[in-house]
Each structure stands twice: as C-alpha cells, then as structure tokens.
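Visitor: Hi, could you walk me through this one? I'm new to reading structures, so plain words please.

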Amino acid sequence: GTVRSGAYERAIRALAPDADVVAQACPLFVPFVEEGWLDHEATRLVAHEYLDPMRDHQVDTLVLGCTHYPLLKPLL
C-alpha cells in the first residue's frame with residue numbers, strides 16, 4: 001500500500017527534485033520475516049524476482065520501506 005500511495009517518491013522528490021525514483025512493492029518479504037526465514041532459499045528467490053529488475057536502473061540507494069525489511073538487509 002505504501003508504494004501505491006507514492007509517499008516515498010514524494011518525500012524523496014521534495015528533497016531531491018531531480019532524483020530518479022524506482023519503486024517496487026515487496027509484500028512477500030513480510031511473511032518470510034515473520035516466519036524467521038531471513039536467510040532462506042525461498043526468500044532469496046523472491047528477492048531476486050523483486051529486485052533484479054532494479055539492476056537495469058543502476059539503483060544507488062535502496063529504501064527498505066517497512067519495519068520488517070531491515071531484517072533482510074544481510075540477504076539483500
């Protein structure tokens with residue numbers, strides 16, 4: 001819902017109007033974190049599915065926009 005709202009994009013552009021913002025919702029990360037699957041093959045597969053397309057955009061900063069997501073930082 002947060003990605004759909006555009007809240008992060010608006011906040012980033014308020015600080016850096018020329019920023020190229022690429023948003024990607026990652027809803028399956030939440031159940032993996034809640035299950036404790038922080039370094040699990042299924043989590044890695046889903047992370048690749050969600051995040052590999054961002055490589056084409058040469059992303060230099062990744063906002064982990066959910067309280068669950070920082071727990072996946074080592075995997076990401």
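Visitor: Let me just pick a residue. Where is L62 found?
Guide: L62 sits in the segment after helix 4 (41-51). Helices here are DSSP runs of H or I with at least four residues, strands are runs of E with at least two, and both are numbered from the N terminus.

Visitor: Is L62 buried or exposed?
Guide: In between: L62 is partly exposed, because its relative accessible area is 45%. Buried means under 20%, exposed means over 50%, and partly exposed is what lies between, using a 1.4 Å probe and protein chains only.

Visitor: Which residues form a nonpolar patch with L62?
Guide: V59 and L76 join L62 in that surface patch, and together the three have about 230 Å² of accessible area. Patch members have over 30% relative accessible area and no salt bridge; like charges are joined within 9 Å, and nonpolar side chains (Val, Leu, Ile, Met, Phe, Trp, Tyr) within 5 Å. The areas come from the Shrake-Rupley method with a 1.4 Å probe, and for residues only the protein chains shown count as cover.

Visitor: Before I go on, what kind of model is this, and how do the numbers work?
Guide: It's a predicted model, where local features need pLDDT of at least 70 and side-chain atom pairs count only at pLDDT 80 or more, while totals for chains, interfaces and linings use all residues. Residues are numbered from 1 along each chain as its sequence is written, and side-chain values use heavy atoms, with hydrogens and water left out.

Visitor: What is the mean pLDDT of the protein?
Guide: The mean is 92, and 100% of the residues reach 70 or more. pLDDT is the predictor's confidence in each residue, from 0 to 100. Among the elements, helix 1 (residues 2-5) has the lowest mean, 87, and helix 3 (residues 29-35) has the highest, 97.

Visitor: How many helices and strands are there?
Guide: There are 4 helices and 0 strands. From the N terminus on, the order is α-α-α-α. The C-alpha trace spans about 40 × 25 × 20 Å along its principal axes.

Visitor: Back to helix 4. Which residues are buried there?
Guide: T43, V46, A47, Y50 and L51 are buried in helix 4. They cover an arc of only 110° around the axis, so they end up on the same side of helix 4. The arc is that of the directions from the helix axis to the C-beta atoms.

Visitor: Why does that spacing work?
Guide: An α-helix has 3.6 residues a turn, so residues three or four places apart point the same way.

Visitor: What do the buried residues of helix 4 pack against?
Guide: They pack against helix 3, where a contact means heavy atoms within 4.5 Å. The face turned away from the buried side carries the exposed residues L45 and E49.

Visitor: New topic: how many salt bridges does a search of the whole structure find?
Guide: The search finds 4. A salt bridge is a side-chain nitrogen of Lys or Arg within 4 Å of a carboxyl oxygen of Asp or Glu. One of them joins R44 and E41, at 3.2 Å from N to O. Both residues lie in helix 4, 3 residues apart, which is about one turn. Salt bridges that share partners join D39, E41 and R44 into one network.

Visitor: How far apart are the closest N and O atoms of D39 and R44?
Guide: Those atoms are 2.6 Å apart. D39 counts as exposed, at 62% relative accessibility, whereas R44 is partly exposed at 29%. E41 is partly exposed too, with 42%.

Visitor: Which residue does E9 meet in a salt bridge?
Guide: E9 pairs with R13, at 3.7 Å from N to O. Because they are 4 residues apart in helix 2 (residues 7-15), about one helical turn separates them. E9 is partly exposed at 24%, and R13 is partly exposed at 34%.

Visitor: What else does E9 touch?
Guide: Leaving out residues up to four places away in sequence, E9 touches V3, V21 and A23. The C-alpha atoms of E9 and V22 are separated by 8.2 Å, with the two residues 13 apart along the chain.

Visitor: Last one: what share of the protein do buried residues make up?
Guide: Buried residues make up 20% of the 76 residues. The protein exposes about 5600 Å², and carbon and sulfur atoms supply 55% of that.
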